[in-house]
Amino acid sequence: MEMNTTLIGIIILLLIFVPVGYLILNTTGQDKKAKKTVSQLSQTKGIQVKNIEVIGNCVIAVDEASKKLVYTSKTNPSADFKIVDMTEVRDCRAKSIKQTEKTLDWVGLELLEKTGRVEIPFYIENDEEGYTKDPFVCLQDAKRWEGTLRPLLKAS
């Protein structure tokens, strides 16, 4: 009787932990693949990125020497790859759109260029495909990136 109970307990634990483990390994594998793709694409453009970060569905990195920001989506890094020359950016700020006081609809960075503005989303509430973190954690990441990018802006 004890052997059957132990066996059933082990089976239940496996049914719980195997899918969770698979999801964790799959997500970290996608992150590594996206980071590697961004690094390779950046190198082909002559940009040497050091710290590549994945925030939700956004993969973002900066080359402080050449003052270039690169970003793309994790789901399609090659097609969505973009480069922003930070010397052409007038202002950079963390931006969030609130639904209520405790919920956020959109979180990201807003870059104001001479020709317009660029929005880099870290969190989108209704994005079904994107892997996301808590929106308030993404807001803290956006503020941290704002602090990283502000020194690279052209002094006006």
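Helices and strands here are DSSP runs, numbered from the N terminus. The model is predicted.

**Stop 1: helix H1 and Asp31**

Select residues 2–44, which make up helix H1, and find aspartate 31 within it. Show the side chains of aspartate 31 and lysine 74: a polar contact of 2.9 Å runs between them. Setting aside residues up to four places away in sequence, aspartate 31 touches Val54 and Lys74.

**Stop 2: Ser73 and the end of strand S3**

Move to strand S3, residues 68–73, where serine 73 lies. Is serine 73 buried or exposed? Serine 73 has a relative accessible area of 12%, and because buried means under 20%, serine 73 counts as buried.

Now display the polar contacts of serine 73. Its side chain meets the side chain of aspartate 80 at 2.5 Å. The side chain of serine 73 also reaches the backbone nitrogen of asparagine 76, at 3.2 Å. With neighbours up to four places away in sequence left out, the contacts of serine 73 are Asn57, Val59 and Asp80.

Step on to threonine 75, in the loop that runs between S3 and strand S4 (82–85). Threonine 75 has a relative accessible area of 47% and is partly exposed. Draw a distance from the C-alpha of threonine 75 to that of cysteine 58: the two residues are 17 apart along the chain, and the distance is 8.7 Å.

**Stop 3: the largest pocket**

Keep Ser73 and Cys58 on screen and add Asn57, Thr72 and Pro121; of the 13 residues lining the largest pocket, these five are the closest to its centre. The space in this pocket comes to about 230 Å³. Which element gives the largest share of the lining? Strand S7 does, with four residues. Colour S3 and S7 (117–124) to see the elements that give two or more residues to this lining. By type, the lining consists of six nonpolar, four polar and three charged residues.

**Stop 4: Lys67, before strand S3**

Select lysine 67 in the loop between S2 and S3. Its phi is positive, about 55 degrees, although lysine 67 is not a glycine. Most residues other than glycine have a negative phi. The relative accessibility of lysine 67 is 30%, which makes it partly exposed.

**Stop 5: Val62 and the second largest pocket**

Next select valine 62, in strand S2. Valine 62 is buried, at 9% relative accessibility. Its C-alpha is 5.6 Å from that of valine 49, a residue 13 places away in sequence. Beyond its neighbours within four places in sequence, the contacts of valine 62 include Val49, Lys50, Asn51, Trp145, Thr148 and Leu149.

Valine 62 also lines the second largest pocket, which has a volume of about 170 Å³. To show the rest of the lining, add Gln48, Lys50, Asn51, Asp63, Glu64, Ala65, Arg144, Trp145 and Thr148. Strand S2 (58–63) and helix H2 (135–149) each contribute at least two residues. The most comes from H2, which gives three. The lining divides into three nonpolar, three polar and four charged residues.

**Stop 6: the nonpolar cores**

Hide the pockets and select Leu69, Leu111, Phe122 and Leu149. These are the residues with the most contacts inside the largest nonpolar core, which has 25 residues. Elements supplying at least two residues each are S2, S3, strand S5 (89–98), strand S6 (104–113), S7 and H2. The largest share, five residues, is from H2. In soluble globular proteins, nonpolar side chains tend to be buried together.

Centre the view on phenylalanine 122. What does phenylalanine 122 touch, not counting residues up to four places away in sequence? One set of contacts is Ile55, Gly56, Asn57, Cys58 and Ile60. Another is Val107, Gly108 and Leu109, and the rest are Cys138, Asp141, Ala142 and Trp145.

Finish with the second core, which is separate and has ten residues. Select Ala34, Ile47, Val54 and Ala61, which are among them. Val54 was also on screen at the start of the tour, as a contact of aspartate 31.

Note on methods
Residues are numbered from 1 along each chain as its sequence is written. This is a predicted model: local features need pLDDT of at least 70, side-chain atom pairs count only at pLDDT 80 or more; totals for chains, interfaces and linings use all residues. Side-chain values use heavy atoms; hydrogens and water are left out. On a 1 Å grid over the protein atoms alone, a cavity is a set of points where a 1.4 Å probe fits but cannot get out, and a pocket is an open set with protein on both sides within 12 Å along at least five of seven lines; lining residues have an atom within 4 Å of a point. Grid points are joined across faces, edges and corners, and a volume is the space filled by probe spheres set on the points. Ala, Val, Leu, Ile, Met, Phe, Trp, Tyr, Cys and Pro count as nonpolar, Asp, Glu, Lys and Arg as charged, and the others, Gly among them, as polar. A nonpolar core is a set of buried Ala, Val, Leu, Ile, Met, Phe, Trp, Tyr and Cys residues joined through side-chain atoms within 4.5 Å. Buried means under 20% relative accessible area, exposed over 50%, partly exposed in between (1.4 Å probe, protein chains only). Contact means heavy atoms within 4.5 Å. A polar contact is a pair of N or O atoms within 3.5 Å; within protein, one must be able to donate a hydrogen and the other to accept it, and residues adjacent in sequence count only if both atoms are side-chain atoms.
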